[in-house]
Amino acid sequence: MNPDVISPELKTVLRRLKLSRMLDTLPERFTLARQQKMPHQDFLLLALGDEASRRDGQAATLRAQRAHLEPDSQLERWDETAKVEFDRALLNELASLRFIESHHHVAIVGPVGVGKTFLAHALGHIACRRGYSVLALSTDAMLKALKHARLTQTHEKELRNLLAVDLLIVDDFGLDSMDPQESRDAHEIIFERHRAGSMIVSSNRGPDEWLATFADPMRAQAAIDRFTSNAYDLIIEGESYRARLKPGQKGGQKGEKKGK
């Protein structure tokens, strides 16, 4: 009998233990173990390591889906030939996620189309792979969800969802003027996230310009000061990155829609 063939009994046991996906890689691992005369303990570690890696990858993918991250906005897919400039050393530091561990924030600022959303979501993907909980949404969607939640008596639940995650990514902040209720919501989120965890905020405007978008200058100043005093600033300049995200373009990824 071929020593690399998996017996029906082993298949049954693996299925009972909910390890049936190990059957995808076991034959080649059997071959490798036999060729290298691998000790039983090393073989077991190798086979179980495959399953652990698979489950980690599956969990990271599920976290990214729940976070509403753009699937193709991942740092390894960034087009290095893009004619944009930013502090690469700072991006590398942010990719270490030490800013999440220390509850710091990130402001990604630049003109339309230079890749702000891409890099924000790329950091979100890294966080998902490291086991952090993430939520990404636009400022408009966030404020509308809170407004609707008041009508349905679910405001506290909606607010908890925004505060419970390890990393909240808010896109297009400061794009439109906010009414008094939206200003209070934005102030509360920034204030509470200071204690709850980290934020990544992308914007076409620098934090010094956000003040004019709030209805209440006093609340605005308090929120902006709290955010900026605890935030890294990643400034992006250059040509639009969006053309590189179109299907069929060099460096582009099919299905990618955002590159703000």
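This passage describes an open sheet, two helices that pack on it, and the surroundings of Asn230 in a predicted model.

The sheet is open and is formed by 5 strands, arranged in the order β3-β4-β5-β2-β6 with parallel pairing. Its edge strands are β3 (134–138) and β6, each of which pairs on one side only. From one strand to the next, the twist averages 15°. In general, the strands of a sheet pair through backbone hydrogen bonds, in either a parallel or an antiparallel manner.

Within this sheet, strand β2 (residues 105–109) pairs with strand β5 (residues 198–203) in the parallel sense, over 4 bridges. Ile108 stands opposite Ser202 in β5. Helix α4 (residues 88–95) packs on the sheet and touches β2 and β6; the direction of α4 makes about 135° with that of β6. Helix α11 also packs on the sheet, where it touches β2, β5 and β6. The direction of α11 makes about 100° with that of β2.

Asn230 lies in the loop between α11 (217–228) and β6 (231–235). The relative accessible area of Asn230 is 12%, and because this value is under the 20% limit, the residue is classed as buried. The side chain of Asn230 reaches the backbone oxygen of His103 at 2.8 Å. When residues up to four places away in sequence are not counted, Asn230 touches His103, His104, His105 and His194. Of these contacts, His105 belongs to strand β2, which spans residues 105–109.

Definitions and conventions:
Residues numbered from 1 in each chain as written. Predicted model: local features only at pLDDT ≥ 70, side-chain atom pairs only at ≥ 80, totals over all residues. Heavy atoms only, no water. Helix = DSSP H or I, 4+ residues; strand = E, 2+ residues; numbered from the N terminus. Buried < 20%, exposed > 50% of the residue type's maximum accessible area, 1.4 Å probe, protein only. Polar contact = N/O pair within 3.5 Å; in protein donor to acceptor, adjacent residues only side chain to side chain. Contact = heavy atoms within 4.5 Å. Pairing = 2+ DSSP bridges. Axes fitted to C-alpha atoms, helices over the stretch in contact; angles between N-to-C directions.
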